[in-house]
Amino acid sequence: MSLTMPTNLSTDVDHTDLFIGGAWQKPASARRITVRSATTEEIIGSVPEATEADVDRAVAAARRAFDDPQGWSTWDPAERAAVVEKLADEVQARADETVRVISMQNGMPITIARALEAPYPAATLRFYADLARKQAVEEERPGIFVARTTVRRMPIGVVAGIVPWNVPQSLTMTKLAPALAAGNTIILKPSPETVLDAFILADAIEAAGVPEGVVSILPGGRDLGAYIVSHPGVDKVAFTGSTTGGRAVAKACAELLRPVSLELGGKSAAIILDDADLDLEKMGQSFFASTLANNGQVCFLGTRVLAPRRRYDEVVDVLATLMRFSPVGDPLDDATLIGPMASKNQQERVANYIEIGKSEGGRVVVGGSGRPDGWDRGHFVRPTLFAGLDNTARIAQEEIFGPVLTVIGYDDDADAIRIASDSDYGLGGSVWSTDDDRAMAVARGVQTGTIGINGYIPDIGAPFGGVKQSGYGKEFGAEGLAAYQQVKSIYHFA
Ligand code: NAD
């Protein structure tokens, strides 16, 4: 198997300046973040690492822009929507370059990057521009103890948006798009693993004419994130990341009484009902997308596959075929369905969970320890299918964040709902059936924030978010705009 080297990167990937307050500025320190290809482990670019002094400058610029009596936050929503739509155009124009850079950084197969990271960011911007334009800033409500009330919607202020490396642009946009459309200013902190795509976004923001001070992008690690979250000039925090990180952010925000939304980890169930059509020609692609997309590094994937006992062996065989025929390799190759893990840490984490699964008595049906044949570098693991474990196993309870599935048997639909809900998490999931009513009954019963029937993909038009340790607050839909607004009630007495 040959490696496709990143030879035709069109960007200058050794950036010298930081995007602070909507302009390129010299960083306060000489520290840099070096980005390596997940596939070749070679350096593919570097950016300045932001420091606390850069955060202070960015927050001051965001504060000034927000507090300006004629500024962004006071604009007519339609004027802001026009800028957000222009940003959508600029983001779309850079989509090819963006998906390629993402694929090199975190190993996302390019076909999956084209399906996720190309359409979602621009569509999210357009969705929120449209919603904000149509929404009345003020509405009148009949009074109960007063004559009537004017309810006024306003932006919250300076937002801190903190995102992980797995789907970096789509997740950035779940914060940036509604925050901008609602009239906030925002400081974004991408993960160190995926900072190069954030610089392409900065370029798009500049080209779109987003006013001075409104957006800053500060690359850095968790200490920088913690500093931003607790900064006195920040009014709201939107965090996507691990449950451990989310807990730390929630604690800091609790102390400050600062509103926070948390999109955290997951361990969702893909429930195959006993009438499901398991023809891989028909459902293979959707099933793959719901359980293994992006090398298993998506928070909502159904990595616990619940199989009716009478069809258990059949389900294991079908999944084994699906996994064996999902090509592992260079993420830049169109034929690849599973690429490397995003980082060495992530590779070690997944490899460790494969050992845990074996030590718990799991039967390895596909994959197992070690690297896939022919890949002696890059953060590769072998996509692995476990059978023979129940829902109490650690690999059934803990988030692995890699291409590792566990098939768990169940007795009847009620048992499937019980097992699916028997998790500290509750983010995604899916139900597979030829009977829509029956699938709906199961979907209604599972304790989760979102669930799909015969497939899974979040839709921008409807709220997305978790329950239990998967976090709180909603993104997408009108709820996702409301998360960046505060309301004021003005009571009228005559
Ligand atoms: P992580 O929590 O380590 O880091 C996520 C981001 O938060 C990074 O930018 C990191 O620098 C920052 N960060 C970490 N600790 C922080 C702290 N104490 N204060 C401020 N910032 C902090 O997560 P990760 O490993 O980068 O991402 C993978 C995790 O993200 C998985 O658990 C996955 O399920 C979750 N995730 C959730 C969703 C969702 O929508 N629910 C989406 C994607 C990923």
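Here is a friendly exchange between a biologist and a modeller about this predicted model.

Biologist: Let's start with the seven-stranded sheet. Which strands lie at the edges of this open sheet?

Modeller: The sheet runs in the order 14-15-16-13-12-17-18, with mixed pairing. An edge strand is one that pairs on one side only. Those at the edges are strand 14 (363–366) and strand 18 (452–453).

Biologist: Which helix packs on that sheet with its direction at about 165 degrees to that of strand 16?

Modeller: Two helices can be compared here. Helix 10 (residues 280–291) touches strand 12, strand 13, strand 16 and strand 17 (430–432), and its direction makes about 155 degrees with that of strand 17. The other one touches strand 12, strand 13, strand 14, strand 15 and strand 16, and its direction makes about 165 degrees with that of strand 16. That is helix 11 (residues 312–324).

Biologist: Now strand 13 of this sheet. How many of its five residues are buried?

Modeller: Let's take one face at a time. Arg 304, Leu 306 and Pro 308 are buried on one side, while Val 305 and Ala 307 are buried on the other. Strand 13 is therefore largely enclosed by the rest of the structure, and the number of its residues that are buried is five of the five.

Biologist: Which residue of strand 13 is the bridge partner of Ala 270?

Modeller: Strand 12 and strand 13 pair in the parallel sense, over three bridges. In one of these strands, strand 13, the bridge partner of Ala 270 is Val 305.

Biologist: Moving along the sheet, which residue of strand 16 stands opposite Leu 385?

Modeller: Strand 15 and strand 16 are joined by three bridges and pair in the parallel sense. The residue of strand 16 that stands opposite Leu 385 is Leu 405.

Biologist: Is Thr 384 buried or exposed?

Modeller: Thr 384 sits in strand 15 (residues 384–387). Beyond its close neighbours in sequence, within four places, Thr 384 is in contact with residues including Met 323, Ile 354, Val 364 and Leu 405. A polar atom of its side chain also lies 2.6 Å from the backbone oxygen of Arg 382. The relative accessible area of Thr 384 is 0%, so this residue is buried.

Biologist: What covers the buried residues of helix 14?

Modeller: Helix 14 spans residues 413–421, and its buried residues are Asp 415, Ala 416, Ile 419, Ala 420 and Ser 421. Their cover includes strand 12 (269–272), strand 13 (304–308), strand 16 (404–410) and helix 15 (436–445).

Biologist: There is also a sheet of three strands. How many bridges join strand 6 to strand 20?

Modeller: The three strands form an open sheet in the order 5-6-20, with antiparallel pairing. Its edge strands are strand 5 (138–142) and strand 20 (485–492). Arg 153 stands opposite Val 487 in strand 20. The number of bridges joining strand 6 (residues 148–155) to strand 20 is eight.

Biologist: On to charges. Which side chain of opposite charge is nearest to Glu 263?

Modeller: Glu 263 is found in strand 11 (residues 260–263). Outside its neighbours within four places in sequence, its contacts include Phe 239, Leu 427, Phe 464 and Lys 474. Glu 263 is buried yet has no salt bridge. At 6.4 Å, the nearest side chain of opposite charge is Lys 175.

Biologist: How many residues apart in sequence are the parts tied together by Glu 49 and Arg 31?

Modeller: Glu 49 forms a salt bridge with Arg 31, with their closest N and O atoms 3.5 Å apart. Glu 49 is buried, at a relative accessible area of 19%, whereas Arg 31 is partly exposed at 47%. Glu 49 lies in the loop between strand 4 (43–48) and helix 1 (52–67), and Arg 31 in the loop between strand 2 (23–25) and strand 3 (32–36), so the pair ties together parts whose separation in sequence is 18 residues.

Biologist: Which residues are joined into one network by salt bridges that share partners?

Modeller: Glu 90 forms a salt bridge with Lys 86, the closest N and O atoms being 2.5 Å apart, and these residues are about one helical turn apart in helix 2 (residues 77–93). Arg 94 also forms a salt bridge with Glu 90, at 2.8 Å between the closest N and O atoms. Through shared partners, the network joins Lys 86, Glu 90, Arg 94 and Asp 203.

Technical notes: Residues numbered from 1 in each chain as written. Predicted model: local features only at pLDDT ≥ 70, side-chain atom pairs only at ≥ 80, totals over all residues. Heavy atoms only, no water. Buried < 20%, exposed > 50% of the residue type's maximum accessible area, 1.4 Å probe, protein only. Helix = DSSP H or I, 4+ residues; strand = E, 2+ residues; numbered from the N terminus. Contact = heavy atoms within 4.5 Å. Pairing = 2+ DSSP bridges. Lys, Arg positive; Asp, Glu negative; His and termini not counted. Salt bridge = Lys/Arg side-chain N within 4 Å of Asp/Glu carboxyl O. Polar contact = N/O pair within 3.5 Å; in protein donor to acceptor, adjacent residues only side chain to side chain. Axes fitted to C-alpha atoms, helices over the stretch in contact; angles between N-to-C directions.
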